[in-house]
Amino acid sequence: MILQISDWWSSMEMVEKIFWSISVPFSLLFLIQIVLTFVGGDIDDMSAEGDADAAVEGDAGIDFQFISLKNLIAFFAVFGWTGIICLDMGLGAGVSTLIATLAGLAMMLIMASILYFMGKLVEEGTLNINNAKGKIGNVYLSVPANRKGMGKVQIEVQGLQTLDAVTDSDSDIPTGAVIQVVDVLNDQILIVKPY
């Protein structure tokens, strides 16, 4: 069998040997990468360096990354196999290399797009309290009149939230009353009025 592989290898032209030398190892790396991705051992690109807390706080999904380790592995795997197929179809070395390069670049674009759009599926977990302005809700704990104390209201903003609230109304707003958010004080406390 080793003799057959040796004869097969020596019968190839240099261009075909190059394509085979690229396609086999990068295909193995691509398969390992896929397996690690599905079993949770995914090792992402070098961009994982830096402060973890800062990365979580400012995380808005994955940016469009055309050149990454995953994309380069996919490029070379597709490049090698496309070049082999083109040579087997009788195309010349230059045309085969051009078509293989275009196929590899297309694969990189597809993978970068998939990762980009998957990253956009990440839901923002940070509550933006300013989204509550103008919303209608219910009083959970009575809100004292003229900002003499703080109550709590339940309002639908990025999910049902129970938030601190004050009012400029001349009378207390009792538990269960319907309110409307007028403004936000210090990015923490809702200013509400009876609805």
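Biologist: Which residue in β3 does Ile155 stand opposite?

Modeller: In this predicted model, Ile155 stands opposite Gln161 in β3. The two strands, β2 and β3 (residues 160-167), run antiparallel and are joined by six bridges.

Biologist: What about the hairpin of β2 and β3: how many residues lie between the strands?

Modeller: Three residues lie between them, and Gln158 takes a positive phi near 55° in that hairpin.

Biologist: And how is β2 joined to β1?

Modeller: Strand β1 (residues 136-141) runs antiparallel to β2, with four bridges between the two. Val139 has Val153 of β2 as its bridge partner.

Biologist: Which residues make up the covered face of β2, and which the uncovered one?

Modeller: Gly151, Val153 and Ile155 form the covered face of β2 (residues 151-156), while Lys152, Gln154 and Glu156 form the uncovered face.

Biologist: Which residues of the largest nonpolar core touch the most other members?

Modeller: That core has 16 residues, and Val139, Val153, Ile173, Leu190 and Val192 touch the most other members. Two or more residues come from each of β2, β3, β4 (178-185) and β5 (189-194). The element that gives the most is β4, with three residues.

Biologist: Is there a second core, and what does it include?

Modeller: A second, separate core has 10 residues, including Met12, Phe19, Ile22 and Leu87.

Biologist: Back to Val139. What is it in contact with, neighbours within four places in sequence left aside?

Modeller: With those neighbours left aside, Val139 is in contact with Lys152, Val153, Ile173, Pro174, Thr175, Gly176, Ala177 and Ile179. Val153 is thus listed as a contact of Val139 as well as the bridge partner of Val139 in β2.

Biologist: Changing topic to the helices. What span should α5 have, and how far apart are its end C-alpha atoms?

Modeller: Helix α5 (residues 93-119) has 27 residues, so at 1.5 Å a residue it should span 39 Å; its end C-alpha atoms are 39 Å apart, which agrees.

Biologist: Which residues of α5 are buried, and what covers them?

Modeller: The buried residues of α5 are Ser96, Ala100, Gly104, Met108, Met111, Ala112 and Gly119. Their cover includes α2 (14-39) and α4 (69-88).

Biologist: Which residues does the UniProt annotation "transmembrane region" cover?

Modeller: According to the unreviewed UniProt entry, that annotation covers residues 18-39, 72-91 and 97-118. In the model, residues 97-118 are 100% helix and 0% strand, with end C-alpha atoms 31 Å apart. Residues 72-91 are 85% helix and 0% strand, and there the end C-alpha atoms are 25 Å apart.

Biologist: How many aromatic pairs does the count come to?

Modeller: The count comes to six aromatic pairs. One of them is Phe75 with Phe79, which is stacked, at 5.7 Å centre to centre and 20° between the planes. A pair counts as stacked when the planes are under 30 degrees apart.

Biologist: Where do Phe75 and Phe79 lie, and are they buried or exposed?

Modeller: Both lie in helix α4, four residues apart, which is about one turn of the helix. Phe75 and Phe79 are both buried. Ring pairs also link Phe19, Phe26, Phe75, Phe76 and Phe79 into a cluster.

Biologist: One last residue: where is Trp9 placed, and what is its relative accessible area?

Modeller: Trp9 is in helix α1 (residues 2-10), and it is partly exposed, with a relative accessible area of 34%. Neighbours within four places in sequence aside, Trp9 is in contact with Lys17, Trp20 and Ser21. Trp9 and Trp20 are 11 residues apart in sequence and 9.6 Å apart in space, C-alpha to C-alpha.

Conventions. Residues numbered from 1 in each chain as written. Predicted model: local features only at pLDDT ≥ 70, side-chain atom pairs only at ≥ 80, totals over all residues. Heavy atoms only, no water. Expected span 1.5 Å × (residues − 1). Buried < 20%, exposed > 50% of the residue type's maximum accessible area, 1.4 Å probe, protein only. Contact = heavy atoms within 4.5 Å. Pairing = 2+ DSSP bridges. UniProt positions renumbered as here; feature names shortened; annotations may be inferred. Phe/Tyr/Trp six-rings, centres within 6.5 Å; stacked < 30°, edge-to-face > 60°. Core = buried A, V, L, I, M, F, W, Y, C linked by side-chain atoms within 4.5 Å.
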